[in-house]
Amino acid sequence: MWSERVALSAEAFEIIVKGRLTPTLVAALEGFEVSRYDQNLTYLVGWVPDQARLHFVLSVLRDLNVELKSVNAVKSADPALDGHGNTS
């Protein structure tokens, strides 16, 4: 039952930050990867199981003085990542 609640609240997020992040910093944001660099912005995409994890990732960026531009929930093209676990 507990795993069902986690799956229902899990979402994919895109976090956009100013500048280019080093590979070491991206590795510290476990679960996120760089989807692209564009106009001095880094676009990170990752799976967040709950709000606590999202707040943790944002606090890591804040503590490292990374300027946050936006945080957006994204609809995944992969049904396994749609936040509901529906694959049909």
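**Close-ups of a predicted model**

**View 1. Arginines over tyrosine rings.** Arg-20 parks its charged end over the ring of Tyr-37, 3.6 Å from the ring centre. This is a predicted model, so read the distance as a property of the prediction. A second case involves Arg-36, which lies over the face of Tyr-43 with 3.8 Å to the ring centre. How many aromatic pairs does the count give? The answer is zero.

**View 2. Strand S3 and its two partners.** S3 covers residues 41-48, and S1 covers residues 11-18. These two strands pair in the antiparallel sense, with eight bridges between them. One landmark to look for is Glu-11, which stands opposite Val-48 in S3. Strand S2, residues 32-38, is also antiparallel to S3 and is joined to it by six bridges. Here Val-34 faces Leu-44, standing opposite it in S3. As for solvent, S3 is mostly covered, with six of its eight residues buried.

**View 3. The S2-S3 hairpin turn.** S2 and S3 make a hairpin, and two residues sit between the strands. If you're checking backbone torsions, stop at Gln-39 in this turn: its phi is positive, at about 50°.

**View 4. Thr-42 and the backbone of Leu-21.** Thr-42 belongs to strand S3. Is this threonine buried or exposed? Thr-42 counts as buried because its relative accessibility is 0%, and the cut-off for buried is under 20%. A polar atom of the Thr-42 side chain lies 3.4 Å from the backbone nitrogen of Leu-21. Leaving out residues up to four places away in sequence, Thr-42 touches Ile-15, Ile-16, Val-17, Gly-19, Arg-20, Leu-21, Val-34, Arg-36 and Tyr-37. That list takes in Arg-20 and Tyr-37, the pair from View 1 in which the arginine's charged end sits over the tyrosine ring.

**View 5. The largest nonpolar core.** Nonpolar side chains tend to be buried together in soluble globular proteins. In this model the largest nonpolar core has 15 residues. Ile-15, Leu-21, Leu-29, Phe-32, Leu-44 and Leu-61 have the most contacts inside it. At least two core residues come from each of S1, helix H2 (23-28), S3 and helix H3 (51-63). Which element gives the largest share of this core? H3 does, with four residues.

**View 6. Around Leu-21.** Leu-21 is one of the core residues with the most contacts inside the core. With residues up to four places away in sequence set aside, Leu-21 touches Val-26, Leu-29, Tyr-37, Thr-42, Leu-44 and Val-66. Two of these neighbours, Leu-29 and Leu-44, are also named among the core residues with the most contacts.

Key
Residues numbered from 1 in each chain as written. Predicted model: local features only at pLDDT ≥ 70, side-chain atom pairs only at ≥ 80, totals over all residues. Heavy atoms only, no water. Buried < 20%, exposed > 50% of the residue type's maximum accessible area, 1.4 Å probe, protein only. Pairing = 2+ DSSP bridges. Phe/Tyr/Trp six-rings, centres within 6.5 Å; stacked < 30°, edge-to-face > 60°. Lys NZ or Arg CZ within 6 Å of the ring centre and 35° of its normal. Core = buried A, V, L, I, M, F, W, Y, C linked by side-chain atoms within 4.5 Å. Contact = heavy atoms within 4.5 Å. Polar contact = N/O pair within 3.5 Å; in protein donor to acceptor, adjacent residues only side chain to side chain.
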